[in-house]
Amino acid sequence: MAPTDPEIQVVADSKGMSRTAAQVIVREIAQTLRTKESFTMVLSGGSTPRGLYTLLGTDASFRKEIEWSKVHFFWGDERHVPFNHPDSNYRMAHEMMLSRLPVPPGNVHPVKTEQFDARGAAEAYEREICTSLQVASRQIPRFDCVLLGMGPDGHTASLFPGTKAIHEQERLVVANWVEKFKTYRITMTATVFNNAYFIIFLVSGGEKAETLQRVLLGRQEPDRFPAQLIRPTQGKVLWLVDRAAASRLNL
Ligand code: 6PG
């Protein structure tokens, strides 16, 4: 089956991108909860989603729309650091959003970076995902919504150019050695992302414009541009990009 065509939506700036993303996500959660008992959301890290998380955590027009007790939060990738470390993706989402929403603690599923080494944390997370989404072993979990970012080098989650995790076909979560940071990152694999119902990329900033053009319009070279791995055959993909990042797309 051919990959679905991505939708690209250009917004004026990163503030507008965050607000649009919040509107899209709140609408998706409300729509899904009409027919399902819960909604599973995979969060991304880095700096781009901070504005979105702050809006969802503090803007009453979004907060009151959702039965947050039915939303489960996961992370698409995590640095192998303690929960209170400045680089922790969990810490950022907790501070900006989760600590401000009535989400039951059992609905928040961080990578257990403090209890295991990187490989152990990846294995434990894979088990937690399968248990939480009630998928049998060797089945692929299907998240309702996955948030992803993209680095200027074309990475997404912690699928970095030239790293082993790009080629992982079996595992759902791996510890991926990233030479340029001299550290392991724990990351979901493209197999999981590509099985999601809905994937939203958030990309902001002119420093990503050339890479975004290569990823969206260039030939397929996922080893160099791992964001190109994200090509679901059944899910929707929305690229929410600000004007600076979209400046090379001739849209
Ligand atoms: C991480 C993220 C990563 C991020 C991109 C973009 O753990 O850093 O998951 O994939 O989305 O690096 O980061 P910025 O939003 O900071 O540009």
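Here is a walk through this predicted model, from its nonpolar core out to its surface and its charged pairs.

Let's start inside. The largest nonpolar core has 81 residues, and within it M188 and W239 touch the most other members. Helix 1, residues 14–32, supplies the largest share of this core, with seven residues. W239 is a good place to look around from. Setting aside residues up to four places away in sequence, W239 touches P6, E7, I8 and Q9, then M150, and further along F201, V203, L212, V215, L216 and A227.

Now over to helix 1 itself. It runs for 19 residues and covers 26 Å from its first C-alpha to its last, close to the 27 Å you'd expect at 1.5 Å a residue. Plenty of its residues are tucked away: M17, S18, T20, A21, A22, V24, I25, V26, E28, I29 and T32 are buried. Notice that the list takes in S18, T20, E28 and T32 alongside residues such as V24 and I25. T32 belongs to helix 1, and it counts as buried because its relative accessibility is 12%, under the 20% cut-off. Who keeps T32 company? Beyond its neighbours within four places in sequence, T32 is in contact with S38, F39 and D144.

Back to I8, one of the residues that W239 touches. I8 sits in strand 1, which spans residues 7–11. With a relative accessibility of 31%, I8 counts as partly exposed. Together with V10 and L251, I8 makes a nonpolar patch on the surface, and the three share about 260 Å² of accessible area. So I8 has a contact with W239 and also a place in that surface patch.

Next, the charges. Side chains of opposite charge can pair when their charged atoms come close. The structure holds 15 salt bridges. One of them joins K180 to D153, with the closest N and O atoms 2.8 Å apart. K180 lies in the loop between strand 6 and strand 7, while D153 is in the loop between strand 5 (145–148) and strand 6, so this pair ties together parts that are 27 residues apart in sequence. K180 is exposed, at 54% relative accessible area, whereas D153 is partly exposed at 22%.

K182 is found in the loop between strand 6 (173–178) and strand 7 (183–188). The side chain of K182 meets that of E179 in a salt bridge, at 2.3 Å from N to O. K182 is exposed, with a relative accessible area of 54%, and E179 is partly exposed at 43%.

A third pair is R214 and E221, whose closest N and O atoms are 3.1 Å apart in their salt bridge. Salt bridges with shared partners link R214, R219, E221 and R224 into one network. R214 is partly exposed, at 27% relative accessible area, but E221 counts as buried at 12%.

Finally, a look at the backbone. Which residues have a positive phi without being glycine? K182 is one of them, with phi near 50 degrees. N250 is another, with a positive phi of about 50 degrees. N250 is placed in the segment after strand 9 (236–242), and it counts as exposed because its relative accessible area is 71%, over the 50% cut-off.

How values were computed: Residues numbered from 1 in each chain as written. Predicted model: local features only at pLDDT ≥ 70, side-chain atom pairs only at ≥ 80, totals over all residues. Heavy atoms only, no water. Patch = residues over 30% accessible without salt bridge, like charges linked within 9 Å, V, L, I, M, F, W, Y side chains within 5 Å. Areas by Shrake-Rupley, 256 points an atom, 1.4 Å probe, with all protein chains shown as cover. Salt bridge = Lys/Arg side-chain N within 4 Å of Asp/Glu carboxyl O. Helix = DSSP H or I, 4+ residues; strand = E, 2+ residues; numbered from the N terminus. Buried < 20%, exposed > 50% of the residue type's maximum accessible area, 1.4 Å probe, protein only. Core = buried A, V, L, I, M, F, W, Y, C linked by side-chain atoms within 4.5 Å. Contact = heavy atoms within 4.5 Å. Expected span 1.5 Å × (residues − 1).
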